[in-house]
Amino acid sequence: SGFSDTIYFYDLHGIEVKKIGIKSNKYTTKKIPTKIKDGLASPGLSVRNTKNSTFIFSVLYDKYRNLFYCVIRGKYDESRDSYPFNVLVYDSDFKLLSEKPFDSIKYYLEFFVGRDGLHIRQQHNNNFNKVVYSIFRYE
């Protein structure tokens with residue numbers, strides 16, 4: 001979530017059963033909140049705050065390896081015109097196994113889990129009729 005540094009787990013009745021704080025070696029997850037009155041007084045403030053925040057972008061479960069991938073999106077990098085990100089790999093008990101940085105010039109923040117691992121969409125493919133993914137696989 002763009003508003004949390006924590007992953008919350010709920011049962012089928014909507015009762016919170018567990019929460020895990022996410023800690024990155026590179027990023028401090030922090031979202032700058034925008035109050036409604038401030039957002040109304042300053043158009044674009046919410047977008048600026050989001051660009052300057054680091055947060056949990058996505059959490060994906062890999063049923064083939066019984067792993068979780070937590071994507072932490074960094075602050076906007078103006079010099080590269082992109083958002084850097086790391087993928088944190090957790091076991092089923094949310095013990096951190098690995099953290100891998102990804103080049104935001106080479107990869108989009110677009111993912112899915114398949115039988116082969118975590119698929120991450122590559123950027124700047126010159127063939128507009130084809131989408132190319134790299135596979136990240138933790139063993």
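**Exercise 1. Contacts of arginine 65**

Task: In this predicted model, find which residues arginine 65 touches, not counting residues up to four places away in sequence, and state where arginine 65 is found.

Solution:
1. Leaving out residues up to four places away in sequence, arginine 65 touches Gly114, Arg115, Asp116, Gly117, Arg137, Tyr138 and Glu139.
2. Arginine 65 belongs to the loop that runs between β3 (55-62) and β4 (67-73).
3. Two backbone oxygens are reached by the side chain of arginine 65: that of arginine 115 at 2.7 Å, and that of aspartate 116 at 3.2 Å.
4. Polar contacts require N or O atoms within 3.5 Å.

**Exercise 2. Buried or exposed?**

Task: Decide whether arginine 65 is buried or exposed, and do likewise for aspartate 81 and phenylalanine 94.

Solution:
1. Buried means under 20% relative accessible area, and exposed means over 50%.
2. Arginine 65 has a relative accessible area of 16%, so it is buried.
3. Aspartate 81 has a value of 58% and is therefore exposed.
4. Phenylalanine 94 has 9% relative accessibility and so counts as buried.

**Exercise 3. Positive phi outside glycine**

Task: State the phi of aspartate 81 and of phenylalanine 94, and place each residue in the fold.

Solution:
1. Aspartate 81 has a phi near 50°, a positive value in a residue other than glycine.
2. The loop between β4 and β5 (85-90) holds aspartate 81.
3. For phenylalanine 94, phi is near 60°, again positive in a residue other than glycine.
4. Phenylalanine 94 lies in the loop between β5 and β6 (96-102).

**Exercise 4. The whole chain**

Task: Describe the secondary structure of the protein, its span along the principal axes, and its burial.

Solution:
1. The protein has two helices and nine strands.
2. Their order along the sequence is β-β-α-α-β-β-β-β-β-β-β.
3. The C-alpha trace spans about 50 × 45 × 30 Å along its principal axes.
4. Of the 139 residues, 37% are buried.
5. Taking contacts between residues at least 6 apart in sequence, 35% join residues at least 24 apart.

**Exercise 5. Surface and charge**

Task: What area does the protein expose, and what share of it do carbon and sulfur atoms supply? How many positive and negative side chains are there, and how far apart are the centres of the two sets?

Solution:
1. The exposed area is about 9,000 Å², with 51% of it supplied by carbon and sulfur atoms.
2. There are 22 positive and 15 negative side chains.
3. The centres of these two sets lie 3 Å apart.

Definitions and conventions. Residues are numbered from 1 along each chain as its sequence is written. This is a predicted model: local features need pLDDT of at least 70, side-chain atom pairs count only at pLDDT 80 or more; totals for chains, interfaces and linings use all residues. Side-chain values use heavy atoms; hydrogens and water are left out. Helices (H or I, at least four residues) and strands (E, at least two) are DSSP runs, numbered from the N terminus. Buried means under 20% relative accessible area, exposed over 50%, partly exposed in between (1.4 Å probe, protein chains only). A polar contact is a pair of N or O atoms within 3.5 Å; within protein, one must be able to donate a hydrogen and the other to accept it, and residues adjacent in sequence count only if both atoms are side-chain atoms. Contact means heavy atoms within 4.5 Å. Accessible areas come from the Shrake-Rupley method with a 1.4 Å probe; for residues, only the protein chains shown count as cover. Lys and Arg count as positive and Asp and Glu as negative; His and the chain ends are not counted. The place of a charge is taken as NZ of Lys, CZ of Arg, CG of Asp or CD of Glu.
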